[in-house]
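Please open the model in your viewer and keep the sequence panel visible beside it. The tour below proceeds by selection, one stop after another.

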Amino acid sequence: MANTPLQSGHGHIYGPGKSVKSEGIIPVWLEQNGSRVMGGLIDLSAKIDGTNKVRAFWPKSIRTATPCYEGSTKHTYIPMPTYLVLEAVSAEGTVVKIAKGEGLPLLVDGMSLVKASDTTKKVTVSSANIAIDTDGFYKLTITANAFGTLAAGDVLVLETVAAKKPLGLTKTNLIYDGMSEDELDATKLNVVLCDAGRVIADTAPAASAEMRAALQTVKWEDIY
């Protein structure tokens, strides 16, 4: 009992992971009033879009307040890859600046990325059209008008989850940095989803208007 997987994972991991980090990520929640789900699991090897696994989008950690929907079996939950547009893009624009940071989903080669407010507007992401700028943010090169016009604060989302309704937001940071590929594939994360409270919109993962409408007891507040 002295070296169980749960102890090794600091209470967040069901599976191997003795070198998991425990320090927190940037604060997100201002207040939590209720939890929608207790005792659920996120399987890091679950394929979100039929090809890419959860761990491909989140290889090290999942930030607090990440929207999640129910998986194919009871008590399993899938985080929703969402992306925040940082600067306006005209219809003629060909570069989209997207937030990148610890616990936020990566842009993954081969994924289909859609505009949350108009899912007919989409781009296939590849290693050829992704770059990291000097500020550490994503620069996604697109053809003109691929997303139409974008405003700062708009949300892009993985196409296969765009129509899903979140059950809640992750209550805590889930941090598993330092695990091997095999460990990641074998790991399920213990998760609680919170469905009431106040979130710092500036530091929380992006949530589209549709996702926020599904969680009307959560208030996103602009602090910074």
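The stops that follow go from the whole chain to the core, then to one strand, the salt bridges and a surface patch.

**The whole chain**

Begin with the entire protein chain, bearing in mind that this is a predicted model. A cartoon view should show 4 helices and 16 strands. Of the 224 residues, 46% count as buried. The accessible surface of the chain comes to about 10500 Å², and 51% of that area belongs to carbon and sulfur atoms. Among contacts in the chain with a separation of 6 or more, 70% are accounted for by residues 24 or more positions apart.

**The nonpolar core**

Next, select Val96 and Leu113. Of the 59 residues in the largest nonpolar core, these two touch the most other members. Then highlight strand S15 (residues 188–200), which supplies the largest share of this core, 5 residues. Where does the core lie with respect to domain 1 and domain 2? Colour residues 29–81 + 167–221 as domain 1 and residues 82–158 as domain 2; both give residues to the core, so the core lies between them.

Return to Val96 and display its surroundings. Leaving aside neighbours within four places in sequence, Val96 is in contact with Val85, Val89, Tyr138, Lys139, Leu140, Ile142, Phe147, Leu150 and Leu156.

**Leu41 in strand S2**

Now select Leu41, which is placed in strand S2 (residues 29–43). Its relative accessibility is 24%, so Leu41 counts as partly exposed. Add Thr76 to the selection: Leu41 and Thr76 are 35 residues apart along the chain, yet their C-alpha atoms are separated by 4.9 Å. Not counting residues up to four places away in sequence, Leu41 touches His75, Thr76 and Tyr77, and also Lys188, Leu189, Asn190 and Val191.

**Salt bridges**

Side chains of opposite charge can pair when their charged atoms come close. The structure holds 10 salt bridges; several are visited here.

Select Asp185 and Lys53 to see one of them, in which the closest N and O atoms are 3.0 Å apart. This pair links distant parts of the chain, 132 residues apart: Asp185 belongs to helix H3 (residues 181–186), whereas Lys53 is in the loop between S2 and helix H2 (54–57). Asp185, at 29% relative accessibility, counts as partly exposed, and so does Lys53, at 25%.

Move to Lys97 and show Asp133 with it. Their side chains form a salt bridge with an N to O distance of 3.6 Å. Lys97 lies in strand S7 (residues 95–98) and Asp133 in the loop between strand S10 (130–132) and strand S11 (138–141), so the pair ties together parts that are 36 residues apart in sequence. Both Asp133 and Lys97 are buried.

Keep Lys97 selected and add Asp135. The side chains of Lys97 and Asp135 also meet in a salt bridge, at 3.6 Å from N to O. Asp135 is in the loop between S10 and S11, so its pairing with Lys97 in strand S7 joins parts 38 residues apart in sequence. Is each partner buried or exposed? Lys97 counts as buried because its relative accessibility is 16%, whereas Asp135, at 52%, counts as exposed.

Finally for this stop, select Glu31, Arg198, Lys219 and Glu221, which are linked in a network of salt bridges.

**The surface patch**

For the last stop, switch to a surface display and select Leu30, Ile223 and Tyr224. Together they make a nonpolar surface patch of about 340 Å². Tyr224 is in the segment after strand S16 (218–221) and, at 70% relative accessibility, counts as exposed.

Key
Residues numbered from 1 in each chain as written. Predicted model: local features only at pLDDT ≥ 70, side-chain atom pairs only at ≥ 80, totals over all residues. Heavy atoms only, no water. Patch = residues over 30% accessible without salt bridge, like charges linked within 9 Å, V, L, I, M, F, W, Y side chains within 5 Å. Areas by Shrake-Rupley, 256 points an atom, 1.4 Å probe, with all protein chains shown as cover. Salt bridge = Lys/Arg side-chain N within 4 Å of Asp/Glu carboxyl O. Helix = DSSP H or I, 4+ residues; strand = E, 2+ residues; numbered from the N terminus. Buried < 20%, exposed > 50% of the residue type's maximum accessible area, 1.4 Å probe, protein only. Core = buried A, V, L, I, M, F, W, Y, C linked by side-chain atoms within 4.5 Å. Domains from an automatic or database assignment. Contact = heavy atoms within 4.5 Å.
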